[in-house]
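Visitor: Could you take me slowly through one part of this structure, and then show me how that part sits within the rest?

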Amino acid sequence: MRLADAELLDSRQILPGQWLQTYAAPWLAAANPRAGQFVHVRTPDYSGLVLRRPFSINTLDRGSGALTIHFRITGKGTEWLARARPGERLEMLGPLGRPFEIDPRTRHVLLVAGGLGIAGVRALADEALEQGRRVTLLFGAARAAEVYPSTLLPPEVEYVVATDDGTLGHGGFVTDLVPAYEAWADQAFACGPWPMLATLGSLAAGRDARLGVARLGRKPRRAPSNAPRGSTQARRKAWLQVSLEQHMGCAVGACLGCVVFGVDGPQRVCREGPVFAADEILWEPVA
Amino acid sequence: MKARKKVVPATRASGGGRARDPFATPRRRPALGGVPASRLAGRPSRSTAAPAHPGSQPALAASRAGATAGDRAATVDLTIDLAPGRPGGLPLRNPILVASGTFGYGVEYGDVVDVQRLGAICCKGTTLKPRIGNLPPRVTETPAGMLNSIGLQNPGVDGVVEKYAGLWSTWQVPVIVNVAGESIEDYVAVARRLDGVPGVAGIELNISCPNVGKGGLQFAVDADAAGAVTAAVRRATDLPLLVKLSPNVADVRGIARAIEAGGADAISAINTLSGIAMDREHRRPLLGNVYGGLSGPAIKPVGLRVVYEVAQTVRIPVVGIGGIAALEDVLDYLMAGASAVQVGTAIFADPTLPVRLIDELAAWCAANGLASFRELVGAALPAGPRGRGRGRDRPSAQGVEYRP
């Protein structure tokens, strides 16, 4: 975790109300962050906006230290951020949180993103491709105008789109596409609205039973790992990992403001998360 | 200048165990005594509000004091004893504390913040049994502030002692454990458990958490109950005892008086103000708990008012809390009668702020010819500079002898 300034290099609107900004943050690259981690960005005027804003690391070029963040204007903080001009310096705290954990044996990686959730899994596409895995991205949006431009994705990614109104790709929820890929995918990683993640969570819970027949020819699994739930080892074994968002205060685990309720009690999104194995989360109460 | 020379008033000798008047010893050091010009220029007094502002530009202070500004700032006495009536007291190296709930247990910010430099750390509210806290969402930003309703999530006093006390005992920064409960028995049991634990420097009684059904708020709104819980905890432990006041009351003075009579060593004020935020999209209150506690710059005037009133009511030190985000805020609270301050919400935006405030306060005191920030404590109270005017004396602002 480091606290330092990053200079805004480029800011552009890539979708209606959604911005992609590039910052020079070599100090962040030096800290070797991984996909799923985030930065906590200071707002300009403390007397008005008292909280920092957390943003997933969208992409990070390790060579040049160019960091991108992707956000939607939802309030005063993001409004101000969208108005920032190249050359401005923002103070960032990061990298924070725990990253996505890919099982070393995983060959096929399924990414599922709902709307702005793409910002949560975008870096994982780079990371997985770098490690020689195959990546499919299922992306869901309300309509064609809000579909993430494929030019911003690495060409190796298989990109499948669903829109709620059917104006592009599959008409319906992105979660409808997942069953077609669940046998192919060795692991899945998702970020998006809570109902989407909850649906995926229940899909993931029933996956072993549905695919049981596919295991017939394989060696029986070793005894279930006794790694405690929430540990890095347990997450690495999880088929579905999700990146959650929550109103956040300190982002380092001090204020207990950003919790979600998990099977083992309250979990801090900033510290135990933002990435969780799907079976750590209680999906029902908020759905 | 002569007219302002400080003299020990004979009346203060009747102060019982507190024979030595903290205000009678201005602790001017020779190095500082030799700069009457700068002292005159920046001397804080009731008639000029100006001295509150130069501190906002450390560069200004530095230029005025020349190359020796750093040296001079280093000689400023920032020490304060928050429990002057207690054997051993609660000596702090400086009056900048971090407020409960905003700094976890002192470990979360890692090496981003040098915690050892802080005056003290107030840890997250601790209860007898573990608590899982309120439903999310728990925090949201509001105009010039934020609402939180954590609901006292904590591992329980045993968990806190097991996990952190060992580490705390190796720190030079004192850790004050914030204690919450639902009944007097709860408070007493937690205090007993903390009594004598190495690493626990004091207790701050949170009798004012607005976020849980029985968060103890009933103790903070009733003078008799506040006095009773203070006295009960006082009997249970010899640890320095602070009691944190709620602003959600009609008249805070009676409660402060009862807490002082109950044997508290200091009063911290204020806790958060009860509030609500709306989720327009879903047409329901935004926070999972509906109610939350408002903090941040928005509540600074309320905090100042409470400190101002309490400081005129009690003799024990007052710790000012509420919207402190810059040196100006610290000075305001000191002038209103606070002997120390706690920084809270501002830490979220700038974790390094508390440590920076220590340096800025020292620089400001040096630039304004104060040998100690304590000369500022209560400067704005109607009783006026010590020894003159009517009304009660200012609350205690006694320094400590050791220099680190």
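**A sheet in chain A and its surroundings**

Guide: Let us begin with a single pair of residues: A:Phe139 stands opposite A:Val161 in β10(A). The model in front of you is a predicted one, and every value that follows is computed from it. The two strands concerned are β9 (residues 134–141) and β10 (residues 158–163) of chain A, which pair in the parallel sense over six bridges. As a general point, the strands of a sheet pair through backbone hydrogen bonds, and they may do so either parallel or antiparallel.

If we now step back from that pair, we find that β9 and β10 belong to an open sheet of seven strands in chain A, whose order is β11-β10-β9-β8-β12-β13-β16 and whose pairing is mixed. At the edges of this sheet lie β11 (170–171) and β16 (275–277) of chain A, each of which pairs on one side only.

Helices are packed against this sheet, and it is worth following two of them with care. Helix α3 (residues 118–130) of chain A packs on the sheet and touches β8 (108–114), β9, β12 (187–191) and β13 (240–243) of chain A, while its direction makes about 160 degrees with that of β8(A). Helix α5 (residues 194–210) of chain A lies across β8, β9, β12 and β13 of chain A, and runs at about 165 degrees to β13(A).

Just before the edge strand β16 there is a detail of the backbone that is easy to miss. A cis peptide bond joins A:Gly273 and A:Pro274, with omega at about 5 degrees, and A:Pro274 lies in the loop between β15 and β16 of chain A.

Following that loop back leads us to β15 itself, which pairs with β14 of chain A in the antiparallel sense over four bridges. A hairpin joins β14(A) to β15(A) through two residues, and within this pairing A:Val259 stands opposite A:Arg268 in β15(A).

This hairpin also brings us to the second chain, for 24 residues of chain A are in contact with 31 residues of chain B. On the side of chain A that touches chain B, β14 (259–262) and β15 (265–268) of chain A each supply at least two residues. The residues of that side divide into 14 nonpolar, eight polar and two charged.

We can now place the sheet within the whole of chain A, which holds six helices and 16 strands. The radius of gyration of chain A is 19 Å, close to the 19 Å that the globule rule gives for 287 residues, so chain A is as compact as a globular protein of that length. Its C-alpha atoms fill a box of roughly 60 × 45 × 40 Å, taken along the principal axes, and of the 287 residues of chain A, 46% count as buried. Among the contacts in chain A between residues at least 6 apart in sequence, 65% join residues at least 24 apart.

Chain A is divided into domain 1 (2–96) and domain 2 (108–214 + 226–280), and the centres of these two domains, taken over C-alpha atoms, are separated by 22 Å. Where they meet, 21 residues of domain 1 of chain A are in contact with 21 residues of domain 2 of chain A. Several strands each supply at least two residues of the side of domain 1 that touches domain 2, among them β1 (2–15), β6 (66–72) and β7 (89–96) of chain A. The residues of that side of domain 1 divide into 11 nonpolar, seven polar and three charged.

Finally, chain B has backbone details of its own that can be set beside the cis bond described in chain A. The peptide bond from B:Ala269 to B:Ile270 is cis, with omega near 15 degrees, and B:Ile270 has its place in the loop between β10 (266–269) and β11 (273–276) of chain B. B:Arg283, in the loop between β12 (278–279) and β13 (284–285) of chain B, has a phi near 55 degrees, which is a positive value in a residue other than glycine. B:Arg283 counts as exposed because it has 7 C-beta neighbours inside 10 Å. B:Val290 also has a positive phi, near 65 degrees, and is likewise a residue other than glycine; its place is in the loop between β13 and β14 (291–295) of chain B. With 14 C-beta neighbours inside 10 Å, B:Val290 counts as partly exposed.

Definitions and conventions. Residues are numbered from 1 along each chain as its sequence is written. Chains are lettered from A and ligands numbered from 1 in the order in which they are written. This is a predicted model: local features need pLDDT of at least 70, side-chain atom pairs count only at pLDDT 80 or more; totals for chains, interfaces and linings use all residues. The radius of gyration is taken over C-alpha atoms; the globule rule is 2.2 Å times the number of residues to the power 0.38. A residue is buried if 20 or more other C-beta atoms lie within 10 Å of its own, exposed if 12 or fewer, and partly exposed in between; C-beta atoms are placed from the backbone. Two residues are in contact if their C-beta atoms, placed from the backbone, lie within 7 Å. Domain bounds come from an automatic or database domain assignment. Ala, Val, Leu, Ile, Met, Phe, Trp, Tyr, Cys and Pro count as nonpolar, Asp, Glu, Lys and Arg as charged, and the others, Gly among them, as polar. Two strands pair if DSSP finds at least two bridges between them. Axes are lines fitted to C-alpha atoms, for helices over the stretch in contact, and angles run from 0 to 180 degrees between N-to-C directions.
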